[in-house]
Amino acid sequence: MTAQEVQTDGVWDEIVVGGGVGGLVCAWEAARAGRRVLLLEAADRLGGPVGLMELAHRPGHAGRPLPSGLRVEWGAESFAAKNPAVPQLLADLGLASEEAEVSPEGSWIVDAPAGRRESLRALPSPRVSVFGIPGDLASPDVLAFLGEDDAAAAARLDARPLDERLCEPGVSVSRLVGERMGQTVLDRLVAPVVSGVYSAAPDQVEAARLHPGLL
């Protein structure tokens, strides 16, 4: 319910602020435990950053127009089926039949070479990578983003001895990647992925949060 629809004379055991996925799960778990739950959401829809959007009509690649009226997901993420938590939640909600198979093509990154938005292109994410941080700077799928010169420059940076200060708590993704591989890797490969997953810029996300073995 929206803020305007809240009745102040109710008696609630739990009040959940925010109807994103996290808030919905909290409210669901509390309700299953027999608690009286009030869920507050300021927007006119639930789901937070996960939802649907309709593409506007605009010129597409090579002058071909993109179809208007096409509805696509935005802010969507896949989940690891090896962890039973999400499949079990879907089953509890009666949504198991709605679970979608992840495309074998994997994820893609929208890239603007040299920062030119008129040159937007989409390329497959490097297969050996952690949140966009490439594991092999010489692989063809990395070279497709960086080009040989920038990839070689990143490799020279990455070959240096590790600065132990980069392993200290609180070091951001932007500092770690920027110092180890350079600004181009950060901007072209890492920032799109980290921003998409965490809804925050790389300088606002601690590197230790990405993966327990990364540092």
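**Exercise 1. The nonpolar core**

Identify which residues of the largest nonpolar core touch the most other members, and which helices supply at least two residues of this core.

*Solution.* Step 1. In this predicted model, the largest nonpolar core has 24 residues. Those that touch the most other members are Leu137, Leu146, Val173, Val177, Val185, Leu189 and Val190.

Step 2. At least two residues of this core come from each of helix 3 (140-158), helix 4 (173-181) and helix 5 (183-198).

Step 3. Take Leu189 as an example. Leaving aside residues up to four places away in sequence, Leu189 touches Ile109, Pro126, Gly132, Pro134, Val142, Phe145, Leu146 and Thr184.

Step 4. A general tendency may be set beside this: in soluble globular proteins, nonpolar side chains tend to be buried together.

**Exercise 2. The chain as a whole**

State how many helices and strands the protein chain contains and in what order they run, then give the share of buried residues and the exposed area.

*Solution.* Step 1. The protein chain holds five helices and eight strands. Read from the N terminus, their order is β-α-β-β-β-α-β-β-β-β-α-α-α.

Step 2. Of the 215 residues, 25% are buried.

Step 3. The chain exposes about 14,300 Å², of which carbon and sulfur atoms supply 56%.

Step 4. For contacts between residues at least 6 apart in sequence, 41% join residues at least 24 apart.

**Exercise 3. A buried acidic residue**

Determine where Glu41 lies, which side chain of opposite charge is nearest, and which backbone nitrogens its side chain meets.

*Solution.* Step 1. Glu41 sits in the loop between strand 2 (37-40) and strand 3 (51-54).

Step 2. Glu41 is buried and has no salt bridge. Its nearest side chain of opposite charge is that of Arg45, 7.2 Å away. Since a salt bridge requires the nitrogen and oxygen atoms to be within 4 Å, Arg45 at 7.2 Å does not qualify as a partner of Glu41.

Step 3. Two backbone nitrogens remain to be considered. That of Gly19 lies 2.6 Å from a polar atom of the Glu41 side chain, and that of Ala43 is reached by the Glu41 side chain at 2.9 Å.

**Exercise 4. Salt bridges and their exposure**

How many salt bridges are counted, and are the partners Arg35, Glu14, Asp158 and Arg180 buried or partly exposed?

*Solution.* Step 1. The count comes to six salt bridges.

Step 2. Arg35 pairs with Glu14, with 3.2 Å between the closest N and O atoms. This pair links distant parts of the chain, 21 residues apart: Arg35 is in the loop between helix 1 (21-32) and strand 2, whereas Glu14 is in strand 1 (residues 14-17). Arg35 is partly exposed because its relative accessible area is 39%, and Glu14 is likewise partly exposed, at 30%.

Step 3. Asp158 pairs with Arg180, the closest N and O atoms being 3.4 Å apart. Here too distant parts of the chain are linked, with Asp158 in helix 3 and Arg180 in helix 4, 22 residues apart. Asp158, with a relative accessible area of 31%, is partly exposed; Arg180, at 13%, counts as buried. The cut-off used for this assignment is that buried means under 20%.

Step 4. A further salt bridge joins the side chains of Arg165 and Asp163, at 2.9 Å from N to O. Arg165 is partly exposed at 48% relative accessible area, as is Asp163 at 24%.

Step 5. Finally, salt bridges with shared partners join Glu29, Arg32 and Asp92 into one network.

Technical notes
Residues are numbered from 1 along each chain as its sequence is written. This is a predicted model: local features need pLDDT of at least 70, side-chain atom pairs count only at pLDDT 80 or more; totals for chains, interfaces and linings use all residues. Side-chain values use heavy atoms; hydrogens and water are left out. Helices (H or I, at least four residues) and strands (E, at least two) are DSSP runs, numbered from the N terminus. Buried means under 20% relative accessible area, exposed over 50%, partly exposed in between (1.4 Å probe, protein chains only). Contact means heavy atoms within 4.5 Å. Accessible areas come from the Shrake-Rupley method with a 1.4 Å probe; for residues, only the protein chains shown count as cover. Lys and Arg count as positive and Asp and Glu as negative; His and the chain ends are not counted. A polar contact is a pair of N or O atoms within 3.5 Å; within protein, one must be able to donate a hydrogen and the other to accept it, and residues adjacent in sequence count only if both atoms are side-chain atoms. A nonpolar core is a set of buried Ala, Val, Leu, Ile, Met, Phe, Trp, Tyr and Cys residues joined through side-chain atoms within 4.5 Å.
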